[in-house]
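I opened my notebook to record how the strands of this model are arranged, and then to look up a few side chains one by one.

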Amino acid sequence: MFKYVLLIAFLALASVYALEDDAHAHVMMDYKKNDAHGHFEYGYEVTNGIGGVESGDGKSVSGNFHFTTKDGTPVEVTYTADENGYRPQGAIIPTAPPTPPAILRALEYIKNHPHVDKDKDHQKH
């Protein structure tokens with residue numbers, strides 16, 4: 001019985017420590033660089049594991065950020081933003097489901113059987 005009480009006390013203390021860790025987090029590293037030509041770079045790292053870096057030139061930006069979820073899962077996202085839009089990549093980013101086979105067949109049918117407007121065809125004759 002004492003083992004279970006000790007385990008519960010330890011878990012309660014660990015959860016309070018984790019909350020306290022976020023509450024008392026502070027910036028460990030922070031840097032910023034800019035030049036006269038529009039190039040920039042910055043980065044940061046916080047004691048609770050949150051961090052990121054970014055660089056760019058006025059036309060495009062790339063970087064990454066990372067953190068740990070409440071359940072302990074590490075998350076990292078890398079990204080690029082330019083004339084083609086914002087493109088994040090990472091395991092946490094949702095992806096579209098595959099196109100169902102019936103839809104693929106319908107698209108193939110439409111491609112191979114183009115619509116013919118019969119009214120326009122009769123007007124030509």
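Before describing any sheet, I wrote down what pairing means here: two strands pair if DSSP finds at least two bridges between them. I also noted that I am reading a predicted model.

**Entry 1: the sheet**

I looked up the strand order and found an open sheet of six strands, running S1-S2-S3-S4-S5-S6 with antiparallel pairing. At the edges I found strand S1 (27-34) and strand S6 (85-89), and because each has a single partner strand, one side of each is left without a neighbour in the sheet. I then looked up the angle between neighbouring strands of this sheet, which are turned by 10° against each other on average, direction ignored.

**Entry 2: the pairs of strands**

I went through some of the pairs in turn, beginning with S1 and S2, which run antiparallel and are joined by seven bridges. One of the positions I looked up in this pair was Val27, whose bridge partner in S2 is Val46. The hairpin of S1 and S2 has five residues between the strands, and there I noted that Gly38 takes a positive phi near 90°.

For S2 and S3 I found six bridges, again in the antiparallel sense, and I saw that Glu45 stands opposite Gly51 in S3. This hairpin has four residues between the strands, and Gly49 takes a positive phi near 95°.

Strand S4 (residues 61-68) and strand S5 (residues 74-82) also run antiparallel, and eight bridges join them; in this pair, Gly63 stands opposite Tyr79 in S5.

**Entry 3: a residue in a loop**

Where is Asn48 found? I located Asn48 in the loop between strand S2 (40-46) and strand S3 (51-56). Is Asn48 buried or exposed? Its relative accessible area is 19%, and because buried means under 20%, I entered Asn48 as buried. I also noted that the side chain of Asn48 reaches the backbone nitrogen of Ile50 at 3.3 Å.

**Entry 4: salt bridges**

How many salt bridges does a search of the whole structure find? The search finds two. In one of them the side chains of Asp30 and Lys32 meet at 3.8 Å, N to O. I looked up the accessibility of both residues: Asp30 is partly exposed, with a relative accessible area of 48%, whereas Lys32 counts as exposed at 63% relative accessibility.

Another salt bridge brings together the side chains of Asp82 and Arg87, at 2.8 Å, N to O. Arg87 has a relative accessible area of 34%, so I entered Arg87 as partly exposed.

Notes: Residues are numbered from 1 along each chain as its sequence is written. This is a predicted model: local features need pLDDT of at least 70, side-chain atom pairs count only at pLDDT 80 or more; totals for chains, interfaces and linings use all residues. Side-chain values use heavy atoms; hydrogens and water are left out. Helices (H or I, at least four residues) and strands (E, at least two) are DSSP runs, numbered from the N terminus. Buried means under 20% relative accessible area, exposed over 50%, partly exposed in between (1.4 Å probe, protein chains only). A polar contact is a pair of N or O atoms within 3.5 Å; within protein, one must be able to donate a hydrogen and the other to accept it, and residues adjacent in sequence count only if both atoms are side-chain atoms. A salt bridge is a side-chain nitrogen of Lys or Arg within 4 Å of a carboxyl oxygen of Asp or Glu. Axes are lines fitted to C-alpha atoms, for helices over the stretch in contact, and angles run from 0 to 180 degrees between N-to-C directions.
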